[in-house]
Amino acid sequence: MEIFDYAKAVERLEEIARKVEDPQTGLGEMDNYLAEAEELIGKCREYLRTAREKLSNIE
């Protein structure tokens, strides 16, 4: 299983945002980018939720 890299995910989301905002990006490409972004956002949320739980257990 691959270890999730939050920083790389955020970097990729920023890349996707630039692509989606680019007028040269076609609708088909945009749909793929948005699907990828949705998946990454879900993984980022899960990562942050887990980190918050771990911090709560330390206190």
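Lys43 is partly exposed, with 40% of relative accessible area. Keep in mind as you look at this residue that the model is a predicted one. Lys43 forms a salt bridge with Glu39, and the closest N and O atoms of the two are 3.3 Å apart. Why do Lys43 and Glu39 lie about one helical turn apart? The two are separated by about one turn because they sit four residues apart in helix H2. Glu39 is partly exposed as well, since its relative accessibility of 49% falls under the 50% that an exposed residue has to pass.

Let us stay with charged side chains for a moment. Side chains of opposite charge can pair when their charged atoms come close. The count for this structure comes to four salt bridges, and Arg12 is a good place to continue. Arg12 forms a salt bridge with Glu15, where the closest N and O atoms are 2.7 Å apart. Both residues belong to helix H1, and because they are three residues apart there, about one helical turn separates them. The side chain of Arg12 also meets that of Glu36 in a salt bridge, at 2.8 Å from N to O. This second pair links distant parts of the chain: Arg12 is in helix H1, Glu36 is in helix H2, and their positions lie 24 residues apart in the numbering as the separation.

Put these contacts together and you can trace a network of salt bridges that links Arg12, Glu15 and Glu36. Are its members buried or exposed, or something in between? Arg12 has a relative accessible area of 23%, so this residue counts as partly exposed. Glu15 is partly exposed too, at 30%, and Glu36 also counts as partly exposed, at 28%.

Now turn to the aromatic rings. A pair of aromatic rings is described by the distance of the centres and the angle of the planes. How many aromatic pairs does the structure hold? There are two. In one of them, the rings of Phe4 and Tyr47 have centres 5.7 Å apart and planes at 50°, and therefore the pair is tilted. Phe4 lies in the segment before helix H1 (6–21), while Tyr47 lies in helix H2 (residues 27–58), so to speak a link between distant parts of the chain, 43 residues apart. Phe4 is partly exposed at 28% relative accessible area, and Tyr47 is partly exposed at 39%.

Tyr47 has another ring partner, Tyr6. The centres of the rings of Tyr6 and Tyr47 are 5.2 Å apart and their planes are at 20°, so this pair is stacked. Here too distant parts of the chain are linked, with Tyr6 in helix H1 and Tyr47 in helix H2, 41 residues apart. Tyr6 counts as partly exposed, at 29% relative accessibility. Through these ring pairs, Phe4, Tyr6 and Tyr47 are joined into a cluster.

Next, look for open space. Rolling a probe the size of a water molecule over the atoms shows where empty space is left. The largest pocket holds about 270 Å³ of space. Lining this pocket are 14 residues, and the closest to its centre are Glu2, Ile3, Phe4, Asp5 and Lys43. You have already met Phe4 in a ring pair with Tyr47 and Lys43 in a salt bridge with Glu39. Helices H1 and H2 each supply at least two residues of the lining, and H2 gives the most, with seven residues. Sorted by class, the lining of the pocket has six nonpolar, one polar and seven charged residues.

Finally, step from the pocket to the buried nonpolar residues. Which residues make up the largest nonpolar core? The six are Ala9, Ile16, Tyr33, Ala37, Leu40 and Cys44. H1 and H2 each supply at least two residues of this core, and its largest share, four residues, comes from H2. The two helices also come together in other features you have followed: the salt bridge of Arg12 with Glu36 links H1 and H2, and the ring pair of Tyr6 and Tyr47 links H1 and H2 too.

How values were computed: Residues are numbered from 1 along each chain as its sequence is written. This is a predicted model: local features need pLDDT of at least 70, side-chain atom pairs count only at pLDDT 80 or more; totals for chains, interfaces and linings use all residues. Side-chain values use heavy atoms; hydrogens and water are left out. Rings of Phe, Tyr and Trp (its six-membered ring) pair if their centres lie within 6.5 Å; planes under 30 degrees apart count as stacked, over 60 as edge-to-face and the rest as tilted. Buried means under 20% relative accessible area, exposed over 50%, partly exposed in between (1.4 Å probe, protein chains only). On a 1 Å grid over the protein atoms alone, a cavity is a set of points where a 1.4 Å probe fits but cannot get out, and a pocket is an open set with protein on both sides within 12 Å along at least five of seven lines; lining residues have an atom within 4 Å of a point. Grid points are joined across faces, edges and corners, and a volume is the space filled by probe spheres set on the points. Ala, Val, Leu, Ile, Met, Phe, Trp, Tyr, Cys and Pro count as nonpolar, Asp, Glu, Lys and Arg as charged, and the others, Gly among them, as polar. A nonpolar core is a set of buried Ala, Val, Leu, Ile, Met, Phe, Trp, Tyr and Cys residues joined through side-chain atoms within 4.5 Å.
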